[in-house]
Amino acid sequence: MMGELKRRRFVGLGSGIAFTAAAGGGLATAPAALAAVGTGRAHKAARAADASAGVAVTPADARYPDLISGNNQRWTSSPDKVVLPRSTAEVVAAVQEAVTAGKRLSVCGGGHCFEDFVFNADIQININMGLLNAVTFDTSTNAFKVGAGATLLDVYEALYEGWGVTIPGGICHSVGVGGHVTGGGYGNLSRQYGLTVDHLHAVEVVVVDAAGTARAVVAARDSSDASLRDLFWAHTGGGGGSFGVVTAFWFRTPGSTGEPGALLPKAPSKIFLTLAGWPWEKVTEDGFGRLVDYWGTWFEQHNTPGTTAGSLYSWLMLNHRDSGSMGAVVQLDGSLPDAPSVLSDFLAGLDQALGLHSATVRHDGVLDSQYTSTRLLPWLRGTKYIGAISPTQLDPTTRGCHKSAHLRARTPQRQIDAMYAHLTSTDGPSTMTGIVLSASGGRISTVSSTATAVAQRDAIMKANFESRWYDKADDAKNVGWIREAFGAVYGDTGGVPVPGDVTDGCYINYPDGDLSDPAFNTSSVPWHDLYWKQNYARLQQVKAAWDPGDVFRHRQSIRLP
């Protein structure tokens, strides 16, 4: 029998979450050419799509308060109306209405944007994509079609239960695919299978031409028209809100052929899932430093695509001391060669780095200790589990602040020292505050830095500085902690992770408005080069070609050249 998950509390996991693993590991809980298969709201929406038109919600509607903000309650809006389309034609109509009336519009997918790009005081029409959420197989393109309003859970359930396949997407179930995919898309299977956009085949986008006319176009990886290929490329990491409104994505792994079940990565039958937790009272400054160094060194040295170690994924959650503990999550495909021993070696190193030694090896070869516990779970069950055991990950009532960095090498000691100083500060930030390191590399690095808009292909990890809290009165304290910690860690390069030998800029799906503020970015590197590096110039050319009137814009959208 697999070891039972002990009750532990963690903070982190990429979106400011705190979660408790219960003892025993109990779960928290179209056209004729399209063949719809799936579960939950994805296939229900597909059945209902033809039966009713889209929805327009105005301030007098009881639904309005639920639709004018997302998961970060720091950001809200008061649009004239919120449009929830059920077809591409209705998206075209909503965009045309905004353009004709000269009204600012924004687009909401899952509502997880960390900044005010979707919800702010200037927005007059918001297009909420939530009803365009069907997951189907399109026989005309021999690819899986995903509505841009689908959540990651919609996609995982429908693809896996219908065809046994998946995409290497993120861990948070309620994230919408619209923003996730257009920013690149990382997740627990990315070291094994690459980024989400590495399996993207085409996008349908509502664009506006120089005459102010809205229309829908389909841009594919293999479009015969070079301008369409450029538009497709811009949606493989250029971020959302710059070129148009994506209404659908088609997924098919490049080079794949045959039946639907052979067109995307096979989901693992079972995964090893480890939760680790170390009480801060047992963590010394030296032990903290050794842990961060060991974690980064391991991924630096085990980065070969296609190997078992090169497929192991982990999050290291360096929570503020006031939270009580630090933690880690580790996932590995249980069918890979020597998976138990690779996992056990990695886990043993974590405890040993901290100077904690109480490990035992179970009969299946996997290490357990006082601080780590592993289960072997079916893939979809494990994916739902790790995405649902947080009381705050899916909490839509919190406020938040986030900053990110890509790293091409292990964390230097000076940065580790700055992390420790701020994580042990006595200024009392929220207990949902800390720094999360997440693995990268592996299969991600097999794609060139210009083949997609994602420029940081050889990074081995990401860092996410984050805080979540509930009371508006605590904004200054928590935002201040994040700004000070981030600025101190990257103080040698102007307070931001300038691309170089160690750091490699920032992740557009963890947007940070401070990057464009000279008070916080004192480097000579502009915010757009921190996100996209050498790819920004090409993104600007796509912007000029497909959104010459700058209809689709926010504080850090692609600028016209």
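**Why the labels fit**

Modeller: Let's start with G306, which sits in the loop between helix 7 (285-301) and strand 14 (313-319). Helices (H or I, at least four residues) and strands (E, at least two) are DSSP runs, numbered from the N terminus. This is a predicted model, where local features need pLDDT of at least 70 and side-chain atom pairs count only at pLDDT 80 or more, while totals for chains, interfaces and linings use all residues. Residues are numbered from 1 along each chain as its sequence is written, and side-chain values use heavy atoms, leaving out hydrogens and water.

Biologist: What makes G306 buried or exposed?

Modeller: Buried means under 20% relative accessible area, exposed over 50%, and partly exposed in between (1.4 Å probe, protein chains only). G306 has 54% relative accessibility, so it counts as exposed. Its C-alpha atom is 8.7 Å from that of R191, although the two are 115 residues apart along the chain.

Biologist: And what is T372 called, buried or exposed?

Modeller: T372 belongs to strand 18 (residues 372-378). Its relative accessible area is 0%, so T372 is buried. The C-alpha atoms of T372 and V329 are 9.4 Å apart, with their positions 43 residues apart along the chain.

Biologist: Why is helix 9 described as largely enclosed by the rest of the structure?

Modeller: Because eight of its ten residues (379-388) are buried. Among them are W379, Y385 and I386. For the protein chain as a whole, 61% of the 561 residues count as buried.

Biologist: How do you know how many disulfides there are?

Modeller: A disulfide is a pair of cysteine sulfur atoms within 2.5 Å, and a search of the whole structure finds zero. Take C113: the nearest cysteine sulfur belongs to C108 and is 9.3 Å away, so C113 misses the cut-off and is in no disulfide. With 26% relative accessibility, C113 counts as partly exposed, whereas C401, at 7%, counts as buried.

Biologist: What makes Q456 buried or exposed, given that it's in a loop?

Modeller: That loop runs between strand 20 (432-439) and strand 21 (461-469). Q456 has 3% relative accessibility, so it counts as buried. Contact means heavy atoms within 4.5 Å, and beyond its neighbours within four places in sequence, Q456 is in contact with residues including Y186, H406, D504 and K533.

Biologist: Which backbone oxygen lies by a polar side-chain atom of Q456?

Modeller: The one of L530, at 3.4 Å. A polar contact is a pair of N or O atoms within 3.5 Å (within protein, one must be able to donate a hydrogen and the other to accept it, and residues adjacent in sequence count only if both atoms are side-chain atoms).

Biologist: What makes something a nonpolar core?

Modeller: It's a set of buried Ala, Val, Leu, Ile, Met, Phe, Trp, Tyr and Cys residues joined through side-chain atoms within 4.5 Å. In soluble globular proteins, nonpolar side chains tend to be buried together. Here the largest core has 150 residues, of which V95, W278, F288, L318 and F346 touch the most other members. Helix 8 (residues 339-354) gives the most to this core, with nine residues. A separate core has seven residues, among them V55 and Y64.

Biologist: How confident is the predictor?

Modeller: pLDDT is its confidence in each residue, from 0 to 100. The protein chain has a mean of 90, and 90% of its residues reach 70 or more. Over residues 1-51, though, the pLDDT is below 50.
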